[in-house]
Amino acid sequence: MPAFVLQITRVGFLLLLWLFVYAAIRTIRADIRALATNEPRDSRRARRERAVAAQPVQSGPPRQLTVTAGHLSGTRIELTGAPVLIGRADDSTLILDDDYASTRHARLTLQGNSYWLEDLGSTNGTYLDRTRVSTPVPVPALTPIRIGRTVFELRP
C-alpha cells in the first residue's frame, strides 16, 4: 500500500475519532444541564408544548406562581398584584433554601396585564427559559424561571 494512502487513512480515522468524542461531550453536557433542572430535556419540552396547546385564552395577569422543581416543588403562591420578592431573606414572598440563591435575588412586578422579572444583582443569575436575565423582562405564562436549583412558573 502506498505511503500516501496509508497517511490519508490515518488522518481520516483520527478525524472520525475526534468527531465521536465531540458528539459524546455534547450529549454529556446536555444531560448535565437537564439534570440541573431535575427534568429530562424531552419531557420538559413536551410538557411546555402540552401546556401551551391546552392553555385557554388568558384574560388578565397570571394568578399563581407554582414551583415545579427544587426543594419547594409543588408550592403555590397566589398572586395579588403586589411585587413578589424571591430570595433567601426571611421577608421574601418566596423564600428559597438554595445555596445558589442570593438574599434578595429577584423580583416579579405586575405592570399592566403581565408580570416582569428583574434580577436584583444576584451572584449566580436568574434565568427565564434558559436565558439569563440582565434587565427587567416580561414573563409569559408557563415559561420556566430558574434560580439555582429552583424552577417555577406563572400560571393562569
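Select Glu153 first: in this predicted model, Glu153 is buried, with a relative accessible area of 2%. Add Arg155 to the selection, and a salt bridge appears between the two side chains, with 2.8 Å from N to O. Arg155 is partly exposed at 23% relative accessible area, whereas Glu153 falls in the buried class because its value is under 20%.

**The other salt bridges**

The structure holds 3 salt bridges. Next, select Arg104 and Asp91, whose side chains form a salt bridge at 3.0 Å, N to O. This pair links distant parts of the chain, 13 residues apart: Arg104 belongs to the loop between strand 4 and strand 5, and Asp91 to the loop between strand 3 (84-87) and strand 4. Colouring by accessibility shows Arg104 as partly exposed, at 39%, and Asp91 as exposed, at 51%.

Then move to Arg107 and Glu118, where the closest N and O atoms of the salt bridge are 3.1 Å apart. Arg107 lies in strand 5 and Glu118 in strand 6, so the salt bridge ties together parts that are 11 residues apart in sequence. Both residues are partly exposed: Arg107 has a relative accessible area of 28%, and Glu118 has 26%.

**Strands 5, 6 and 9**

Keep Arg107 and Glu118 displayed and select strand 5 (106-111) together with strand 6 (114-119). These two strands pair in the antiparallel sense over 6 bridges. One position to inspect is Leu110, whose bridge partner in strand 6 is Tyr115. Strand 5 and strand 6 form a hairpin with 2 residues between them, and Gly112 in the turn has a positive phi of about 70°.

Which residues of strand 6 make up its covered face? Select Tyr115, Leu117 and Asp119 to display that face; Ser114, Trp116 and Glu118 make up the uncovered one. Glu118, on the uncovered face, is the salt-bridge partner of Arg107.

Now add strand 9 (residues 137-139), which runs antiparallel to strand 6 and is joined to strand 6 by 3 bridges. Centre the view on Trp116 to find Pro138 of strand 9 standing opposite.

**A buried histidine**

Where is His105 placed? His105 sits in the loop between strand 4 (94-95) and strand 5 (106-111). Is His105 buried or exposed? His105 has a relative accessible area of 0% and is therefore buried.

Show polar contacts around His105. The His105 side chain reaches the backbone nitrogen of Ser102 at 3.0 Å. The side chain of Thr126 provides a polar contact to the side chain of His105 at 3.2 Å.

Extend the selection to the contacts of His105, leaving aside neighbours within four places in sequence. The surrounding residues are Ile86, Gly87, Tyr100, Glu118, Asp119, Leu120, Ser122, Gly125, Thr126 and Ile147. Among them is Glu118, which the tour has already visited as the salt-bridge partner of Arg107. Another is Asp119, which belongs to the covered face of strand 6.

**The six-stranded sheet**

Select strands 2, 1, 11, 10, 7 and 8. These 6 strands form an open sheet in the order 2-1-11-10-7-8, with antiparallel pairing. Strand 2 (76-78) and strand 8 (131-132) are at the edges with a single partner strand each, so one side of each has no neighbour in the sheet. At the strand 2 edge, 3 bridges join strand 1 (residues 64-69) to strand 2, and the two run antiparallel. Select Gln64 to locate one of the pairings: its bridge partner in strand 2 is Glu78.

**The N-terminal segment and its surface patch**

Switch to a surface representation and select Met1, Phe4, Val5, Leu6 and Ile8. Together these residues make a nonpolar surface patch of about 570 Å². Met1 lies in the segment before helix 1 (3-36) and counts as exposed, at 80% relative accessibility.

**The whole chain**

Finally, select the entire protein chain. Its secondary structure comes to 2 helices and 11 strands, and along the sequence the pattern reads α-α-β-β-β-β-β-β-β-β-β-β-β. Of the 156 residues, 32% are buried. The accessible surface comes to about 10100 Å², and carbon and sulfur atoms account for 59% of that surface. Among contacts between residues at least 6 apart in sequence, 41% join residues at least 24 apart.

Note on methods:
Residues numbered from 1 in each chain as written. Heavy atoms only, no water. Pairing = 2+ DSSP bridges. Helix = DSSP H or I, 4+ residues; strand = E, 2+ residues; numbered from the N terminus. Buried < 20%, exposed > 50% of the residue type's maximum accessible area, 1.4 Å probe, protein only. Polar contact = N/O pair within 3.5 Å; in protein donor to acceptor, adjacent residues only side chain to side chain. Contact = heavy atoms within 4.5 Å. Areas by Shrake-Rupley, 256 points an atom, 1.4 Å probe, with all protein chains shown as cover. Patch = residues over 30% accessible without salt bridge, like charges linked within 9 Å, V, L, I, M, F, W, Y side chains within 5 Å. Salt bridge = Lys/Arg side-chain N within 4 Å of Asp/Glu carboxyl O.
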